[in-house]
Amino acid sequence: MHLGGSVPLYRLWEIAIERGIRGMGSGYEEFLNILKIQNNKVKDLDSYLEVYDKVELIQSGPHSVRESIIIALHRAYRTGGMVELGPGGEGGSPDALFSVGKLELRFNPLKRTGAVFLKGEHAGLYDVDRVIKEACSAIEDVEIGFKGQIEAGLIFCFGRDMTFEANMILAEKIEDWRKKNSKIIGVDLAGPESVNPLNKPTELANMKKIFKSVHRSIGRTIHVGETKHVDLKTFIATVQALEPQRVAHPIVAFHAFWNKKDDRGLKLLKERGIVCELCVKSNLLTRAVKDIKEYGRIIDTLDDFEIPYTFSTDAPSLQVTSLAHELILLLENDAATPEQVLRALKTADKASFLNGTSK
Ligand SMILES: [Zn+2]
């Protein structure tokens, strides 16, 4: 899951009040309304990501990052297995189906420095090294507190909406910190595909350089092909250039196969043994996937091509969802069979970038 979408809304509100952050609306109800990602508000990935700008500012600085990570991990442990959630993301059903015990948390440390990247500001108030240090120590402290009941790691996201220079600085920081701290388990590519679809050879070459400068001892996943801004040719070129072990919801590969009988994208995933990270509610909200029936078709297509897949929650707090809720959604709508869900959970364990021994 993304850190930006993992702190329950009522807790974000408390942090915003405590820190005196402006622009949070005229009260709690309006705040909920601004931040909750709902069906009628989201047109596409771009309008979905706008919400994150606000959350990233609330979560900026070493202190808030630490607090947010502690809340996010506890939230996952406590409510990840609940089918029902309250309006602010509070646990809503007393009986959880399970507890989340192994978890990958992803975010962009440069976007927690108080810099407003979409407005061209690449320097914020806070020091990125302090942000990374606090993030690592927050994970360690949670693991100690939970006495091994939860194991977590950090995936740092490069931004499609950041300049080459800013991403390169982040890569250098990741390299520095990776050697010092084992809680950094991977890198990702995230952000609006519309801003930088990587369809220009120079842009892709730059991103390749950024990824190449991070050591392969940590994992690699990328968000690619979630929207129409990335065509199949660009999808293939991006996977070939960045060499991920996993990709986040590569919707374009399914559409190309269904609509144009072009299976090159799916074949590439199969050949390279790349694991697909599927986020059901998120993909429905951004309209990347039309409906739950189409989701069933995606899962069956993956099985036909023998491509492994996992189910993730993306932004559980902003979408007011949980892992249990996502799985029940699939099962109750016959979009996945119990066998498919169980296989996906096993795949998640195997494909995790966490290298610990807990299962
Ligand atoms: Zn995601």
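Two residues are in contact if their C-beta atoms, placed from the backbone, lie within 7 Å. The model used in these exercises is predicted.

**Exercise 1. The packing of helix 7 and helix 8**

Task: Find which residues of helix 7 meet which residues of helix 8, and state how the two axes are arranged.

Solution.
- Step 1. Pick out the contacts. Helix 7 supplies Leu 204, Met 207, Lys 208 and Phe 211; helix 8 supplies Ala 237, Thr 238, Ala 241 and Leu 242.
- Step 2. Sort these residues by class. The contact has six nonpolar, one polar and one charged residues.
- Step 3. Turn to the axes. Those of helix 7 (residues 201–212) and helix 8 (residues 232–242) come within 9 Å and cross at roughly 30°.
- Step 4. Classify the angle. Angles under 35 degrees count as roughly parallel. Helix 7 and helix 8 are therefore roughly parallel to each other.
- Step 5. Add the hand. The crossing of helix 7 and helix 8 is right-handed.

**Exercise 2. The surroundings of helix 8**

Task: List the buried residues of helix 8 and the elements they pack against.

Solution.
- Step 1. The buried residues are Leu 232, Thr 234, Phe 235, Ile 236, Thr 238, Val 239 and Leu 242.
- Step 2. Their partners include three strands' worth of entries to look up: strand 3 (184–190), strand 4 (219–223) and strand 5 (246–248).
- Step 3. The helices they pack against are helix 7, helix 9 (251–260) and helix 10 (264–272).
- Step 4. Look just past the end of helix 8. There Glu 243 takes a positive phi of about 45°.

**Exercise 3. Two positive phi values**

Task: Decide whether Leu 198 is buried or exposed, and do the same for Glu 306.

Solution.
- Step 1. Locate Leu 198. This residue sits in the loop between strand 3 and helix 7. Its phi is positive, near 65°.
- Step 2. Count neighbours. Leu 198 has 25 other C-beta atoms within 10 Å, so it is buried.
- Step 3. Locate Glu 306. It belongs to the loop between helix 12 (292–304) and strand 7 (309–311). Its phi is positive too, about 55°.
- Step 4. Count again. Glu 306 has 10 other C-beta atoms within 10 Å, so it is exposed.

**Exercise 4. Val 142 and its contacts**

Task: Place Val 142 and name its contacts beyond four places in sequence.

Solution.
- Step 1. Val 142 is in helix 5 (residues 128–145).
- Step 2. It counts as buried because it has 21 C-beta neighbours inside 10 Å.
- Step 3. Its contacts are Ile 70, Leu 73, Ile 150 and Ala 152.

Conventions. Residues are numbered from 1 along each chain as its sequence is written. This is a predicted model: local features need pLDDT of at least 70, side-chain atom pairs count only at pLDDT 80 or more; totals for chains, interfaces and linings use all residues. Axes are lines fitted to C-alpha atoms, for helices over the stretch in contact, and angles run from 0 to 180 degrees between N-to-C directions. Helices (H or I, at least four residues) and strands (E, at least two) are DSSP runs, numbered from the N terminus. Angles under 35 degrees count as roughly parallel, over 145 as roughly antiparallel, 65 to 115 as roughly perpendicular and the rest as oblique. A crossing is left-handed if the near helix is turned anticlockwise from the far one by less than a right angle, and right-handed if clockwise. Ala, Val, Leu, Ile, Met, Phe, Trp, Tyr, Cys and Pro count as nonpolar, Asp, Glu, Lys and Arg as charged, and the others, Gly among them, as polar. A residue is buried if 20 or more other C-beta atoms lie within 10 Å of its own, exposed if 12 or fewer, and partly exposed in between; C-beta atoms are placed from the backbone.
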